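Q: I have a model open and some questions about what sits where. Can we go through it?

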Amino acid sequence: MKATLILANGTIFRGIAIGAVEDRVCEMVFNTSMTGYQEILTDPSYAGQGVVMSYPLIGNYGVNSEDNESVRPWAEAFVVRHLSPTGSNFRCEDSLDHYLKSNHIVGIQGIDTRALTRILRSQGTMNGMITCAEHFHINEVLERLAAYRVSGTVERVSRREREVLPAIGGQRFRVALMDYGMKQNMVECLRRRGCEVTICPAHTPAREVLEGGFDGVMLSNGPGDPADNVEIIAQVRELYQSELPIFAVCLGHQLLALATGASTHKMTFGHRGGNHPVKDLEAGRCFITSQNHGYVVDADTLDPAVAQVSHRNVNDGTVEGLRYKRPNCFTVQFHPEASPGPQDTEYLFDRFLANMGGDR
């Protein structure tokens, strides 16, 4: 079946439908990862977005029940150059196309994803619509695209009830993980280091966390514009004003910056992929990181009495991490838990444990 992708700037790509057959409007973003498409689809940070894979061959190793980063896929749409009809891997349990259909994800293949990526990179992230309709009115489509905005996504992706997961290999610490759209490997990185993890819904009052007897709190990644989360930012500010060790990642990093007086802005096309170089300014080393974000903290709005930049993106110089003057509090924009991507920066979880008491 034929499918069409229409961008907000009027560009039209024609290809073949994959996944669910229906109209879908979303924000189109590109990801430069060569593998890890299942983890990307199930990353809650993609809620409200359609993912364009810049690598041309996708689906060649299928999907399985172990690689999901959340209970379901959150990406609205999936755009690839070529979708492998079958998966060839000893862990393969299903084809990617059937997985997309089963989870109502709209997709298109057979288009020039390199040209599409160049448009998004040069003109910026923009809305798009995938349709299988043979006839459509372009002006009506452009009006729909102009009206679409990604919003309310943290409420969509965050869990509704608390969940407690035991430490692996003996408990050393109790950690509260605020779920703004967390990935499962974030939990596993803590559990493997001896942490019992209590996953808390996004709107959990700070007082409940502070009175919960936890050794530390982690603020997770998540989707959308960080500035939209006014109530959550107020709770994060209360957590910051305590003495509880804090480690924040991606959206959590942005929320804490907003809670302490800094500002954020939307990037032209964001960072999404598993090959982004970041320099740890304190260590004087460069690491290759996994990233997925469209907003960034404004460096010139940081109060030097509150925080200093600890990590910088080597490509564009944007803020990738903050070290707060308040004891035992640091944040990063990238994903140290990876999945997919390199695990070079998992050492940050060890730093978090050191802040909670080291080897005790």
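Q: How many of the nine residues of helix 9 are buried?
A: Nine of the nine, so helix 9 is largely enclosed by the rest of the structure. Buried means under 20% relative accessible area, exposed over 50%, and partly exposed in between, with a 1.4 Å probe and protein chains only. Helices (H or I, at least four residues) and strands (E, at least two) are DSSP runs, numbered from the N terminus.

Q: What kind of model is this, and how are residues numbered?
A: The model is predicted: local features need pLDDT of at least 70, side-chain atom pairs count only at pLDDT 80 or more, and totals for chains, interfaces and linings use all residues. Residues are numbered from 1 along each chain as its sequence is written, and side-chain values use heavy atoms, with hydrogens and water left out.

Q: Back to helix 9. Which residues are buried there?
A: L251, G252, H253, Q254, L255, L256, A257, L258 and A259. After helix 9 comes G261, which has a positive phi, near 100°.

Q: Which residues touch the most other members of the largest nonpolar core?
A: Y180, V209, V217, L219, V236, L256 and Y324, out of 35 residues in that core. A nonpolar core is a set of buried Ala, Val, Leu, Ile, Met, Phe, Trp, Tyr and Cys residues joined through side-chain atoms within 4.5 Å. Among the elements that give two or more residues to this core are strand 11 (173-179), helix 7 (206-210) and helix 8 (230-240). Helix 9 gives the largest share, six residues.

Q: What does V209 touch?
A: Not counting residues up to four places away in sequence, V209 touches R162, A176, M178, T204, F214, V217, L239 and L244. Contact here means heavy atoms within 4.5 Å. Apart from the largest core lies another, of 25 residues, including M182, L190, C250 and F330.

Q: Cysteines next. How many disulfides?
A: Zero. A disulfide is a pair of cysteine sulfur atoms within 2.5 Å.

Q: Why is C195 without a bond?
A: Because the closest cysteine sulfur, in C189, is 11 Å from the sulfur of C195, too far for a bond. C329 is in no disulfide either, and the nearest cysteine sulfur, that of C250, is 16 Å away.

Q: Are C195 and C329 buried or exposed?
A: C195 is buried, with a relative accessible area of 0%. C329 also counts as buried, at 1% relative accessibility.

Q: Where is A167, and what is it in contact with?
A: A167 is in the loop between strand 10 (163-165) and strand 11. Leaving aside neighbours within four places in sequence, A167 is in contact with R191, G194, C195 and E196. A167 is buried, with a relative accessible area of 18%. The C-alpha atoms of A167 and E188 are separated by 8.9 Å, with the two residues 21 apart along the chain.

Q: And E346, buried or exposed?
A: Buried, with a relative accessible area of 13%. E346 is found in the loop between strand 19 (329-332) and helix 10 (347-356). Not counting residues up to four places away in sequence, E346 touches C189, R192, R193 and P336.

Q: Last one: where is L100?
A: In helix 2, residues 96-102. L100 counts as buried, at 0% relative accessibility. L100 and A20 are 80 residues apart in sequence and 6.6 Å apart in space, C-alpha to C-alpha.
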